[in-house]
Amino acid sequence: MVRRLSEMPEVEANHLRKIECPRYDDTPALSGKPLIERRVVIISTAGLHRRGDRAFRPGDGSYRVIPAETPASELVMSHISVNFDRTGFQQDANLVFPIDRLRELVADGTVGSMATVHYSFMGAFPPAAAEPHAEHLAGLLKADKVDAALLVPV
Amino acid sequence: MGALGHFLERQGIPTIGISLVREHTEVVRPPRALWVTFELGRPLGRPDDPPFQRRVMKTALEALARTDSPLIVDYPEHVDEEADLTGMSCPIQLGTPEISSLVAEIDQLATWYDRAIAAQGRTTVGVSGLTMEEAGKLISNALAGELPPAQTLKEAIDDLKAYYLEASSVFPGAGPAKARKDWLWGETKFGAAMLALQPKLAASDDAQHKILGNLTLIPATERFRLGKPHATA
């Protein structure tokens, strides 16, 4: 099942075609250590946060922190979009926020270690609103000795 | 999502992003992406399938070794649509005239919702901080003309949607997610309430109400129901 826009149901494809994508000068990919020596963070854009944290709002470019030990039962989603499936997340939080999978890859020696804190943005942000938050976040990641970010959309 | 790849990599953090829409990633050109053909909302592919999810993760993380950017790796595994072999039968005949109100419907679902929590060990309800009865009253009042702030309404709606979909996941013969969403939008008081609320929000003078009504209330796939006769909310 190859899901190019041309092969999707028309109404879904049209919605996705209307989303304006930002354009940037190419960013060179950085070289780094082998995976077995890397420290990995998960950064979701699913609008996830702990129950009781501030919900995301339209135009919100900020992020929420999700400590690695946060139980799945504490995670809720306040993404503003209604155009993606949420039943998968309801069934299994790792489908969207694969923290247990990362833990397993660390345990079996594939990945060096995992960050102490993980993050979620809300993907419908205007990129200019998220940029300063992302730049600030990069400094925090370095302080946590993170040298690889897995960006997980929704 | 692709934008974050640029922002972080420029600041010295190597990134690999999962891509759900290849056409978007081809425009944004983040440093590295793994394109998957999974449904929106399911970036790791299959719920409750750790080996599958681990393979996706591993493929993504292994691409970190590459520096030939902008890079898009095509993930080789796909997920077939869930087959609907059962057909969904709602055991309590929601959305029929015997149920007098949205709040009554919410109350009737409580026992199923409790079963769903017991089965899953968790719930994703809890953005608004309201009880489901309070959330239902908020929506009934909005329909009667008392529109609360858009954010308050949106959080209540998100919680109720999660409540309905989680409750229906343990109905006998619940069927695939698509059948449950058809039920939510086509057969419940809640779905009817959303469809009735849409024109009120779109016609409001408040800009946030308009955004909610026009963009973030009714999924693109359900908009065909607008303006058609439906069960009263």
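1. The interface between chains A and B is a good place to start: 76 residues of chain A are in contact with 72 residues of chain B, where contact means that the C-beta atoms, placed from the backbone, lie within 7 Å. On the side of chain A that touches chain B, the elements giving two or more residues are helices H1 (10-18), H2 (87-91), H3 (99-107) and H4 (127-143), together with strands S1 (39-44), S4 (75-77) and S7 (148-152). H4(A) gives the most, with eight residues. Helices here are DSSP runs (H or I, at least four residues), as are strands (E, at least two), and both are numbered from the N terminus.

2. As for its make-up, the chain A side of this interface divides into 44 nonpolar, 16 polar and 16 charged residues. In this count Ala, Val, Leu, Ile, Met, Phe, Trp, Tyr, Cys and Pro are nonpolar, Asp, Glu, Lys and Arg are charged, and the others, Gly among them, are polar.

3. Please keep in mind that this is a predicted model, in which local features need pLDDT of at least 70 and side-chain atom pairs count only at pLDDT 80 or more, while totals for chains, interfaces and linings use all residues. Residues are numbered from 1 along each chain as its sequence is written, chains are lettered from A and ligands numbered from 1 in the order in which they are written. The model scores ipTM 0.96 and pTM 0.94. Chain B averages a pLDDT of 92, and 91% of the residues score at least 70; pLDDT is the predictor's confidence in each residue, from 0 to 100.

4. Strand S7(A) deserves a look, since it pairs within chain A and also with chain B. Five bridges join S7(A) to S1(A), and the two run parallel; A:Ile42 has A:Leu150 as its bridge partner. Three bridges join S7(A) to strand S1 (residues 15-19) of chain B, again parallel, with A:Ala149 partnered by B:Thr15. Strands count as paired if DSSP finds at least two bridges between them.

5. Why is S7(A) described as largely enclosed by the rest of the structure? Five of its five residues are buried, so the description fits. A:Ala148, A:Leu150 and A:Val152 point one way from the strand, and A:Ala149 and A:Leu151 the other way. Buried means 20 or more other C-beta atoms within 10 Å of the residue's own, exposed means 12 or fewer, and partly exposed lies in between, with C-beta atoms placed from the backbone.

6. B:Arg54, in helix H3 of chain B, is worth selecting in your viewer. Leaving aside residues up to four places away in sequence, B:Arg54 touches A:Arg101, A:Glu104 and A:Leu105. B:Arg54 is buried, with 20 other C-beta atoms within 10 Å. Its C-alpha atom is separated by 45 Å from that of B:Gly227, 173 residues apart along the chain.

7. Three backbone details in chain B are worth checking by eye. B:Arg29, in the loop between helix H2 (22-28) and strand S2 (32-35), has a positive phi of about 50° although it is not a glycine. B:Asp48, in the loop between S2 and H3, likewise has a positive phi, near 55°. Are these two residues buried or exposed? B:Arg29 is buried, with 20 other C-beta atoms within 10 Å, whereas B:Asp48 is exposed, with 11 C-beta neighbours inside 10 Å. Finally, a cis peptide bond with omega of about -10° joins B:Ser69 and B:Pro70; B:Pro70 lies in the loop between helix H3 (50-62) and strand S3 (71-74).

Definitions and conventions
Two residues are in contact if their C-beta atoms, placed from the backbone, lie within 7 Å.
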